[in-house]
Amino acid sequence: GAHSGSYCIYTGLAVAAGKLNPDYVPNLKLTRPVFQIGPHKSWSDPKKVASIDPFGHLTTDAYGAYLNKGFDIRPTIAITKAHIDLPETREAVKDGRLIPDGKILMPNGQSIVSKAAIEPVWYLPEIARRFGCTETMLRQSIFRMTNGMYPELITRPDIKIFLPPIGGLTIYIWGDPDTIPDEDIELTCRVHDECNGSDVFGSDICTCRPYLTHAIEECIKTAQRGGCGIVIYFRKEGRSLGEVTKYLVYNTRKRQEGGDSAENYFNCTEQVAGVQDTRFQALMPDPLHFLGVTKIHNFISMSDMKYNAIVSTGIEIVNRVEIPKELVPEDAQVEITAKVFHGYNAGKAYQGIDEKELKKTVGREYAY
């Protein structure tokens with residue numbers, strides 16, 4: 001594989017354009033993590049961590065002597081801190097839902113976070129086990145669907161580590177990261193899959209941004225109570241089917257006979273992509289184990305797939321928190337109705353969604 005996930009192609013372009021020396025070795029002397037994570041017992045258990053390198057942020061510490069000799073050993077995790085400035089957080093301060101404390105939340109509405117960017121590093125035997133296939137089948141499938149990009153998948157079965165050319169994830173932490181492994185200290189968490197249209201541009205066809213910003217608000221409140229809040233942001237656009245496929249599905253939903261209906265919400269994706277979802281969630285709990293999480297007090301998600309994936313790895317979830325009804329955009333009623341009917345945790349807010357409600361819920365019409 002290659003470092004930087006999907007961005008490795010741009011590195012190739014930089015070399016081709018004569019802008020980057022292919023033999024350049026990064027200067028990592030000032031890049032050490034600004035706060036400590038681990039080590040945790042889970043780091044040595046492939047059933048807990050197999051899709052990231054839990055030591056990927058410790059390159060300068062673990063391999064300093066080799067770096068000084070000129071070896072090119074690159075981090076796959078970078079850890080830093082930042083101020084987050086969201087209009088929804090400023091609005092929550094204005095409305096009195098959030099109270100600035102000068103430590104977690106500033107008077108101007110900015111919140112203080114610790115964060116980690118993580119590139120995928122796959123241990124292929126365990127990845128195969130989680131997906132219920134042989135390692136040989138996994139290698140052959142990836143080789144085929146990447147058009148033979150990595151022949152070593154076939155020719156070098158002795159190499160068990162693969163750096164896939166896909167997006168990684170970012171962990172945002174409000175509060176003290178050292179409290180995360182302590183089951184007696186409140187932990188609030190959302191695992192969020194990227195949705196550029198909603199998260200960045202505010203499209204109202206889904207609940208992604210409202211649920212994300214609600215989770216951030218709950219994380220801030222938890223941190224202010226002495227606990228810790230975590231948002232894990234995966235680059236899994238369009239259920240890992242991609243944004244082009246997602247937009248094709250949108251067109252299918254809006255053009256189908258009877259309009260955009262909750263009843264056919266999942267069928268439209270399968271009609272276009274051949275499958276409803278390729279996230280699968282089998283790898284999703286790994287960053288939680290990287291952080292040392294063993295108990296989540298407040299899980300800001302309605303997804304049954306995410307819940308089941310997390311608890312199956314031994315992490316306890318106490319409360320499941322649904323998105324408040326008033327935060328669901330008008331055109332997202334189709335999505336939330338379909339998801340609850342098909343197994344998403346309804347909580348108290350969405351009780352009573354039956355087949356009758358499913359059939360009558362339709363989205364906005366477009367003049368396509």
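This is a short tour of one sheet and two of the helices that pack against it, in a predicted model.

Start with the whole sheet. Select its 7 strands, which form an open sheet in the order 1-2-5-7-6-8-9 with mixed pairing. At the edges stand strand 1 (77-84) and strand 9; each has a single partner strand, so one side of each is left without a neighbour in the sheet. Looking along the sheet, neighbouring strands are turned by 25° against each other on average, direction ignored.

Next, select strand 6 (residues 187-193) together with strand 8. The two run parallel and are joined by 2 bridges. To find one contact point, pick Thr188: its bridge partner in strand 8 is Asn298. Now add helix 9 (residues 208-224), which packs on the sheet. Helix 9 touches strand 2 (111-118), strand 5 (169-175), strand 6, strand 7 (228-234) and strand 8. The direction of helix 9 makes about 155° with that of strand 7.

Move on to strand 8 (residues 295-299) and strand 9 (residues 316-320). These strands also run parallel, with 4 bridges between them. Which residue of strand 9 is the bridge partner of Ile296? Select Ile317 to see the partner. Then trace the chain from strand 8 through helix 13 (residues 304-311) to strand 9; this β-α-β crossover is right-handed.

Finish on helix 13 itself. Helix 13 lies across strand 6, strand 8 and strand 9, and runs at about 150° to strand 9. With strand 9 still selected, the view ends at an edge of the sheet.

Conventions: Residues numbered from 1 in each chain as written. Predicted model: local features only at pLDDT ≥ 70, side-chain atom pairs only at ≥ 80, totals over all residues. Heavy atoms only, no water. Pairing = 2+ DSSP bridges. Right-handed = clockwise from strand over helix to strand, strands pointing away. Axes fitted to C-alpha atoms, helices over the stretch in contact; angles between N-to-C directions. Contact = heavy atoms within 4.5 Å.
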